[in-house]
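Let's take a walk through this model together. Please keep the sequence and the 3D view open as you read.

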Amino acid sequence: MARYAMVLNVETCLGCEACVAACSIENQVPYWAARYRTHIEEHVYGKYPDVGRQFIPRLCMHCENPPCHTVCPTGATYIAEGGIVKVNQDLCMGCGYCIIACPYDARYRYEREYIKEAHGIFGEDIAHWVPHVDKCDFCEHRIRQGLEPACVETCPTDARIFGDLDDPKSEVAKLVNSGKAKPLRPDLGTKPKVFYIGYKEGEQR
Amino acid sequence: MSLVHQTVWGWPIYSYLFLGGLGGACFALAALIDLYLKQDRRLILAAGLSGFIFLTIGTAFLLYDLLQPLKAIFAFLHPTSWIFWGIIFILAYFVFGLLYLLIYVPLPANPPGLPDEERRTKLERGMARLLRLPWELQRWLKGRRRPLGLLVIIFGFAIAIYTGLLVSAAPGIPFWHTPVLPLLFLVSAFSTGAAYLIPFTQLWREEHLEGWLERLDVVLILFELIILGLYINYTVYGPVGGRASINYLLGNLGFVLGFLIFGLFVPLLLEFYSLLRGHRMRRLFRYTLPLLSSLLVLFGGFLLRLYVLYAGIYEFPW
């Protein structure tokens with residue numbers, strides 16, 4: 001079985017947000033209400049005069065030990081094939097416990113009014129038909145067709161690398177196994193499957 | 001790193017946490033008094049009915065907060081969630097609590113109808129048996145008062161501690177994700193439960209309690225202060241988010257004045273005073289002072305949940 005993962009290269013990310021746009025259209029994310037499955041955070045590190053700025057793309061970490069899954073009372077949050085953490089929108093009652101439990105801000109409520117708006121924008125072919133909690137699913141529908149997630153495909157600087165951790169020859173596995181790419185907040189024990197190259201501690205702007 | 005206040009859980013949830021803790025604790029305390037101090041019909045009926053009302057309102061708030069309230073029927077499917085256990089505890093509380101209350105529901109001395117020897121037809125005899133059912137059920141339940149009372153105590157306690165466990169399962173919010181938060185909510189729940197029952201025992205002049213509830217509430221408030229002190233001591237070092245939460249609380253007039261001063265210290269002093277000097281106070285004060293301190297404790301318990309939820313600060317890595 002595959003173990004899908006993503007490596008984000010903070011050193012090459014320009015902060016152009018093409019990934020945010022691609023994801024929003026691909027997954028019908030309510031961008032008009034500033035809710036996203038993936039987003040770019042701006043980050044300042046160092047002390048004057050040695051300061052720098054980083055763009056940190058963030059998305060669901062698809063943890064191997066996801067707290068959102070632990071706290072979900074209905075089982076709407078489940079771990080799909082390939083270790084992808086998904087939400088079954090027909091089962092989700094929208095209590096928001098998973099949003100509280102997620103230490104990576106990966107989830108948001110897909111409110112009832114967003115569905116109406118989405119109808120106007122995307123027509124009849126709607127991806128979210130009931131209010132629920134929504135999150136990144138690594139574009140599972142694209143992976144099944146042999147494609148990369150929309151954010152990865154669209155990234156102009158190859159700051160996003162997608163692959164299978166169980167395949168030692170994949171670029172992702174090499175970067176992670178060599179220790180070059182590291183997870184965020186490993187101390188929480190969530191075992192994230194999204195890794196960062198060149199991430200520096202800093203303050204949000 | 002960024003520190004972000006949570007905005008997911010608002011007034012329906014903190015009201016639910018308060019009402020759940022209060023309802024669970026006041027019925028559990030009444031059952032404790034009933035089983036181990038003195039059998040007390042009025043107190044059990046008052047505490048049980050109030051507990052049911054509190055938990056019904058609280059659960060209604062929780063359902064109101066859901067995006068899809070009807071799908072709450074699916075909340076039984078994943079036992080690693082505290083919400084799953086909360087629903088189990090609340091259901092068990094209602095079932096065993098109702099049976100326990102039925103023991104004390106006042107019934108007329110005798111079932112209606114004629115004596116058995118005057119009955120002729122089978123239908124008449126059957127009807128009579130049906131009419132006698134409530135009396136027989138009550139007699140059957142009376143023989144099981146102890147186990148039922150114990151179950152009410154256990155599930156009332158479970159609901160009270162569950163309200164804290166629910167909130168503490170958030171690894172991204174360091175202020176919540178500590179073992180003392182469930183303890184704080186538990187102690188506060190029993191403190192509000194005792195405060196809720198005190199005016200009833202005053203009104204009915206339950207002398208046999210000898211101020212047991214007042215004494216208990218004083219001890220619980222002292223415990224609350226100790227837990228808060230331990231908490232502040234812990235966050236002097238440790239996660240940045242936890243420190244931010246404590247700074248937010250200690251810099252907030254509503255928390256300091258509303259909860260710490262008027263929700264803990266003032267009722268503590270009032271209860272202490274009426275325990276020591278109660279018998280020498282004028283009649284007017286003997287009843288109004290405990291009522292005032294009870295209202296303050298209840299108000300403080302509500303503010304505690306409110307401010308703990310407001311002080312939920314995520315510690316995001318970016």
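**From one loop to the interface**

A good place to begin is Pro49(A), which sits in the loop between β2 and β3 of chain A. Please bear in mind from the start that this is a predicted model. The peptide bond leading from Tyr48(A) into Pro49(A) is cis, and its omega is near 5°. The two strands on either side of this loop form a hairpin, in which two residues connect β2(A) to β3(A).

Now follow the two arms of that hairpin. β2(A) and β3(A) run antiparallel and are joined by nine bridges. Two positions make the register easy to find on screen: Glu41(A) lies opposite Ile56(A) of β3(A), and His43(A) has Gln54(A) of β3(A) as its bridge partner. As a reminder, strands of a sheet pair through backbone hydrogen bonds, either parallel or antiparallel.

What stands opposite His43(A) in β10(A)? The residue there is Gln204(A). With this pair in view you can see how β10(A) joins in: two bridges link β2(A) to β10(A), and these strands also run antiparallel. Put together, the three strands make an open sheet of chain A in the order β3-β2-β10, with antiparallel pairing. β3 and β10 of chain A are its edge strands, each pairing on one side only.

Before leaving this part of the chain, step back to the loop between α1 (18-27) and β2 of chain A, where Ala34(A) is located. Ala34(A) has a phi near 55°, a positive value in a residue other than glycine.

Chain A also has an open sheet in which three strands are ordered β8-β1-β9, and here the pairing is mixed. The edges are β8 (160-164) and β9 (194-197) of chain A, each with pairing on one side only. If you disregard strand direction, neighbouring strands of this sheet are turned by 20° against each other on average. For the parallel part, look at β1 (residues 4-9) of chain A, which pairs with β9(A) over four bridges. One position to check is Val7(A), whose bridge partner in β9(A) is Phe195(A).

A salt bridge can be found by looking just before β1. Side chains of opposite charge can pair when their charged atoms come close. Here the side chains of Asp166(A) and Arg3(A) form a salt bridge at 2.9 Å, N to O. This pair links distant parts of the chain, since Asp166(A) belongs to the loop between β8 and α7 (171-177) of chain A and Arg3(A) to the segment before β1 of chain A, 163 residues apart. Over all chains, the structure holds 16 salt bridges.

Let's turn to the partner. Chain B contains 10 helices and two strands. Read along the sequence, its pattern is β-α-α-α-α-α-α-α-α-α-α-β. The C-alpha trace of chain B spans about 85 × 55 × 25 Å along its principal axes.

How do the two chains meet? The size of an interface is often given as the accessible area lost when the parts come together. Between chain A and chain B the buried area is about 3200 Å², with carbon and sulfur atoms giving 62% of it. Which residues of chain A lose the most area to chain B? They are Met93(A), Tyr97(A) and Ile100(A), which together account for 24% of what that side buries. In residue terms, chain A brings 44 residues to the contact and chain B brings 34 residues.

There is a charged and polar side to this interface as well. Two salt bridges are counted between chain A and chain B. One pairing to look for is that of Arg109(A) with Asp65(B), whose side chains meet in a salt bridge at 3.8 Å, N to O. Polar contacts across the interface involve 18 residue pairs, both residues being at pLDDT 80 or more. On the side of chain A that touches chain B, several elements each supply at least two residues, among them β2 (39-47), β3 (50-58) and β10 (203-204) of chain A. The strands of our opening sheet, β3-β2-β10, thus reappear here at the contact with chain B. The residues on this side of chain A comprise 24 nonpolar, 11 polar and nine charged.

Methods:
Residues are numbered from 1 along each chain as its sequence is written. Chains are lettered from A and ligands numbered from 1 in the order in which they are written. This is a predicted model: local features need pLDDT of at least 70, side-chain atom pairs count only at pLDDT 80 or more; totals for chains, interfaces and linings use all residues. Side-chain values use heavy atoms; hydrogens and water are left out. Contact means heavy atoms within 4.5 Å. Buried area is the accessible area (1.4 Å probe) that two parts lose on being put together, summed over both. A salt bridge is a side-chain nitrogen of Lys or Arg within 4 Å of a carboxyl oxygen of Asp or Glu. A polar contact is a pair of N or O atoms within 3.5 Å; within protein, one must be able to donate a hydrogen and the other to accept it, and residues adjacent in sequence count only if both atoms are side-chain atoms. Ala, Val, Leu, Ile, Met, Phe, Trp, Tyr, Cys and Pro count as nonpolar, Asp, Glu, Lys and Arg as charged, and the others, Gly among them, as polar. Two strands pair if DSSP finds at least two bridges between them. Axes are lines fitted to C-alpha atoms, for helices over the stretch in contact, and angles run from 0 to 180 degrees between N-to-C directions.
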